[in-house]
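Colleague: I am new to this structure and would like a close look at a single part of the chain. Please start with one helix and what comes right after it.

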Amino acid sequence: MGLRIGSFLTSAREVPGRWSLVVFLKGCNFRCKHCYNWRLVTGNEKAEVSKEEVIYEVKNQPFLECVVVSGGEPTVSPLGELIDLICCIKEVRPDVKVRVDTNGSNPEAMKELKGLVDGFAVDIKSPLERPDLYRYTTGTDVDTEAIEESIRIADGMSLTIYRTPKYPWLEEGDMALIEGFTKGLRSPWLLNEFFEVPDCPFNRL
Ligand code: SF4
């Protein structure tokens, strides 16, 4: 299966203050509670756009400063095709910065991407010391050492950020553990608002 692009949109919120084209790739290896993109993850979202349409937008929106490759989880896509997409973006617009948004589960892919992109947004969905809580949050057995490795790969790049939604089941002590860990990193950590997604089928996992 090739690169499956669900949709794209233009936003100035993803990278604050910079107009970005946000590209949503289908598929994800996690099943997070209240995932707002669950249709992209499960394949319920039937719509697809082509790589050529994305490249056309990048080329013809002169005010764009960034492209954010999001999802879903971009690193579950075939790596060669993901690299090809990023290279095409850089070819038509060498001035545009590229960020890949990831759940951090695939540090090997991130090593391959690092030389091509300007940073990553890496999710920290629970304290790394709490695989049980990571499992509860993501509905998946997560290798938290792999997440930490991903964070080390991304750290310090110009567009890298870390993000944690304010999940209501994360207690003060959990947030303190995440905050303590991120204090030792060079890139910023952001706490995002949590929004319920009542129809997300992963809520029951
Ligand atoms: S990592 Fe979680 S929140 Fe992100 S797309 Fe996958 S299931 Fe949804």
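Modeller: This is a predicted model. Directly after helix H5 comes Gly139, whose phi is positive, near 65°. The helix itself covers residues 131–138, and its buried residues are Leu133, Tyr134, Thr137 and Thr138. Viewed down the axis of H5, these buried residues fall within an arc of 120°, so they line one face of the helix. Among the elements that cover the buried residues of H5 are helix H6, residues 144–154, and helix H7, residues 172–183.

Gly139 can be set beside a residue elsewhere in the chain. His34 also has a positive phi, of about 60°, although His34 is not a glycine. His34 belongs to the loop that runs between strand E2 (18–25) and helix H1 (38–42). With 18 other C-beta atoms within 10 Å, His34 counts as partly exposed, because a residue needs 20 or more to be buried and 12 or fewer to be exposed.

The surroundings of the ligand come next. The residues around the ligand include Cys28, Phe30, Arg31, Cys32, Cys35 and Asn37, and also Val41, Gly71, Gly72, Glu73 and Asn103. By type, this shell divides into five nonpolar, four polar and two charged residues. Two of the residues around the ligand, Gly71 and Gly72, are joined by a cis peptide bond, with omega near 10°. Gly72 lies in the loop between strand E3 (66–70) and helix H3 (79–92).

Technical notes:
Residues numbered from 1 in each chain as written. Predicted model: local features only at pLDDT ≥ 70, side-chain atom pairs only at ≥ 80, totals over all residues. Helix = DSSP H or I, 4+ residues; strand = E, 2+ residues; numbered from the N terminus. Arc of directions from axis to C-beta. Contact = placed C-beta atoms within 7 Å. Near = placed C-beta within 6 Å. Nonpolar A, V, L, I, M, F, W, Y, C, P; charged D, E, K, R; others polar.
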